[in-house]
Amino acid sequence: MIEPEIIVALTAVAALAGFIDAIAGGGGLLVMPSLLFAGVPPINALATNKLQSTFGTATATWNFARKRLVDFRGNRWLVLMTFAGAAAGVLTVQAIDANALKLIIPALLLCIAAYVILSPRMSDEDAHERLTQRGYAPVAAGIGFYDGFFGPGAGSFYTATLVGLRGMGLTRATATTKLLNLTSNVASLLFFAIGGKMLWLLGLCMALGSMAGNYVGSHTAMRFGARVIRPLLVVLSLALTARVLWDTFA
């Protein structure tokens, strides 16, 4: 039984994480360690994180969609592949130890941070696409798998690859990221719930905080665009890398 004051504190963490997640992804950097610190078992922490994140990401997606920045119909193939990848990730993480993945994540996150810092194309201007939507589908599925398997940083992966491979401007890439992130969250939520891993009361309370944070964060992203998304994406990528390295080698 989790104490009421712990639930309140974790709800506040979810609100801050939701704000960050709506802009640049990586809110799991705050939520996952906080859940573990509160004594929630790792597999239940992963499941509960997906519950609160699903509500928050849905709020951000809705805000972006109202501004016509989300192409639901045009991205239906990516949504399908992302869902399949995330479902596979959840089933896998419930069957094996996830520690090996921590050796790979720091390198990936450092690459994203370097790309954001060095690439002049991380702006709100659309550029030439290197992959068609169908060509990008396996990438979306792979990130979806990672999101179902572990999660933190998935939003950063989506955004960086949508800019670099699909040629999207940063704000539109962020909006599309929310759609794909919502898809992988819904898939993860369903399969974690079926597996009986969810802490429902805690997750729903945190969902309220996540929704508030995502609401404010998505409006901030649309108002300021690449000026706020780019630096926050760099900071989150580096912070995620530092956190994972600390957890791995400390």
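The exercises below go through a predicted model of one protein chain, each with a worked solution.

**Exercise 1. Describe the overall make-up of the chain: how many helices and strands does it have, and what share of its residues is buried?**

Step 1. Counting the secondary structure elements gives ten helices and zero strands, and reading along the sequence therefore gives the pattern α-α-α-α-α-α-α-α-α-α, with helices defined as DSSP runs.
Step 2. Turning to burial, 53% of the 250 residues in the chain are buried.
Step 3. For the contacts with a separation of 6 or more, 83% are accounted for by residues 24 or more positions apart.
Step 4. The accessible surface comes to about 11,000 Å², and carbon and sulfur atoms hold 69% of this area.

**Exercise 2. Find the residues that touch the most other members of the largest nonpolar core, and say which helix gives the most to this core.**

Step 1. The largest nonpolar core has 36 residues, and within this set L35, Y136, F192, L202 and M206 touch the most other members.
Step 2. Helices that each supply at least two residues of this core include α1 (4-24), α3 (42-66), α6 (133-149) and α9 (200-224).
Step 3. The helix that gives the most is α6, with six residues.
Step 4. Taking L202 as an example, and leaving aside residues up to four places away in sequence, this residue touches I2, I7, L10, L35, V40 and T48.
Step 5. Another core, of seven residues, lies apart from the largest one, and V70, L179, A221 and M222 are among its members.

**Exercise 3. Three loop residues are F150, N75 and R68; decide for each whether it is buried or exposed.**

Step 1. F150 is found in the loop between α6 and α7, and F150 is classed as buried because its relative accessible area is 18%, where the cut-off is under 20%.
Step 2. F150 and I43 are 107 residues apart in sequence, while their C-alpha atoms are 9.8 Å apart in space.
Step 3. N75 lies in the loop between α3 and α4, and N75 counts as buried because its relative accessibility is 6%.
Step 4. Not counting residues up to four places away in sequence, N75 touches Q133, T176 and L179.
Step 5. R68 is also found in the loop between α3 and α4, but R68 is exposed, because its relative accessible area of 78% is over the 50% cut-off.
Step 6. As for its backbone, R68 has a positive phi of about 60°, although R68 is not a glycine.

**Exercise 4. Examine helix α8: what span does it reach from its first C-alpha to its last, and how many of its residues are buried?**

Step 1. With 25 residues, α8 reaches 36 Å from its first C-alpha to its last, which is close to the 36 Å expected at 1.5 Å a residue.
Step 2. The helix is mostly covered, since 19 of the 25 residues of α8 are buried.
Step 3. Just after α8 comes G196, which takes a positive phi of about 70°.

**Exercise 5. Identify the residues that make the nonpolar surface patch of about 480 Å², and state how W200 is classed by accessibility.**

Step 1. The patch is made by F55, W200, L204, L208 and M211.
Step 2. Helix α9 gives the most to this patch, with four residues, and W200 is found in α9.
Step 3. W200 counts as partly exposed because its relative accessibility is 45%, a value in between the cut-offs of 20% and 50%.

Key:
Residues numbered from 1 in each chain as written. Predicted model: local features only at pLDDT ≥ 70, side-chain atom pairs only at ≥ 80, totals over all residues. Heavy atoms only, no water. Core = buried A, V, L, I, M, F, W, Y, C linked by side-chain atoms within 4.5 Å. Buried < 20%, exposed > 50% of the residue type's maximum accessible area, 1.4 Å probe, protein only. Contact = heavy atoms within 4.5 Å. Patch = residues over 30% accessible without salt bridge, like charges linked within 9 Å, V, L, I, M, F, W, Y side chains within 5 Å. Areas by Shrake-Rupley, 256 points an atom, 1.4 Å probe, with all protein chains shown as cover. Salt bridge = Lys/Arg side-chain N within 4 Å of Asp/Glu carboxyl O. Expected span 1.5 Å × (residues − 1).
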